[in-house]
Amino acid sequence: VGYEQAEYFLSGTASAYVNTAPLGVDGKWSVEPGETAAYKTRIVVYRPTDPERFSGTVFVEWFNVSGGVEAGPDWAQGHVEMIRQGAAWVGVSAQYVGVEGGPPLAGVISLPLKEVNPARYGSLSHPGDSFSLDMFSQAAAAIRSPSGPAPLGPLEPKRVIAVGESQSAFKLTQYVNAVHSLARIYDGYLIHSRGGLSITPLSQPPQPEIIPPGDTIVRKDIDVPVLIFETESDITFLLY
């Protein structure tokens, strides 16, 4: 179909975040960088091989780890249209469970990268989900302004859109409310199938434990487009 797949390791130092005021349900959160930690994770890139086919849009998906294995549901459900448009897609291993393992949010399996293929992924190191938001910012920075190999090759991105489904949508909501105004690295967001009571920690032990209110909305003063998409089954069966 005129696309190629590549995988890159991404390393650096990421910050956790701590709130400087109470976290309200209006999503207008104020945070600042807290503790830092070194990390090494990976991104997966699908891109057109012909630069003339590239639309300029890059969708950056926060891999979903609810089932104990990394998955890209928005690529799975949207890849036909992405390819038709000539967009690029990047999947980011942003969460601890996907890299190192541990109890999944749902399901009974645990298939982290380092266990599935230790020869390939044994050098990866995830310091914990407290640092995942900043790692997600740095993934976009590596796409826009790479300091090493260019994940998009010769392609020049014009729009970088963050996407996430279910648990990843929980984290993306936190990102929009807490981090977007600091990082300003994404041009828009697709928050897909976010639960009505999507409580995941903003920060967790051994860093300070910060639990946002579960019924938080996306802040209304955001300066880029945010599309919130709920499916019929989200509403009918999961009562979102």
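Is Ser-137 buried or exposed, and what is its relative accessible area? In this predicted model, Ser-137 has a relative accessible area of 7%, and because buried residues are those under 20%, Ser-137 counts as buried. The residue is found in helix H5, and, when residues up to four places away in sequence are not counted, Ser-137 touches Tyr-175, Val-179, Ala-183 and Ile-185.

The sheet provides the frame for the description that follows. Seven strands form an open sheet in the order E1-E2-E4-E3-E5-E6-E7, and the pairing within this sheet is mixed. Its edges are formed by strand E1 (3-19) and strand E7 (226-229), each of which pairs on one side only, while the twist from one strand to the next averages 20°. Within the sheet, strand E2 (residues 31-48) pairs with strand E4 (residues 88-92) in the antiparallel sense, over four bridges, and Tyr-46 stands opposite Trp-89 in E4.

Helix H6, which comprises residues 167-183, lies across E1, E2, strand E3 (57-62), strand E5 (159-165), strand E6 (188-192) and E7, and runs at about 155° to E6. The helix contains a kink of about 45°, centred on Val-176. Of the 17 residues of H6, 14 are buried, so the helix is largely enclosed by the rest of the structure. H6 is followed by Arg-184, a residue whose phi is positive, near 45°.

Aromatic rings were also examined, and the count of aromatic pairs comes to 11. In one of these, the ring centres of Trp-62 and Phe-136 are 4.9 Å apart and the planes lie at 45°; because planes under 30 degrees apart count as stacked and those over 60 as edge-to-face, this pair is classed as tilted. The pair links distant parts of the chain, since Trp-62 belongs to strand E3 and Phe-136 to helix H5 (residues 132-144), with the two positions 74 residues apart in numbering. Both partners are enclosed: Trp-62 is buried, with a relative accessible area of 0%, and Phe-136 likewise counts as buried at 0% relative accessibility. Ring pairs further link Trp-62 and Phe-136 with Tyr-175, Tyr-186 and Tyr-189 into a cluster. Tyr-175, a member of this cluster, is also among the residues that Ser-137 touches.

Definitions and conventions:
Residues are numbered from 1 along each chain as its sequence is written. This is a predicted model: local features need pLDDT of at least 70, side-chain atom pairs count only at pLDDT 80 or more; totals for chains, interfaces and linings use all residues. Side-chain values use heavy atoms; hydrogens and water are left out. Two strands pair if DSSP finds at least two bridges between them. Axes are lines fitted to C-alpha atoms, for helices over the stretch in contact, and angles run from 0 to 180 degrees between N-to-C directions. Contact means heavy atoms within 4.5 Å. The bend at a residue is the angle between axes fitted to the seven residues ending there and the seven starting there. Buried means under 20% relative accessible area, exposed over 50%, partly exposed in between (1.4 Å probe, protein chains only). Rings of Phe, Tyr and Trp (its six-membered ring) pair if their centres lie within 6.5 Å; planes under 30 degrees apart count as stacked, over 60 as edge-to-face and the rest as tilted.
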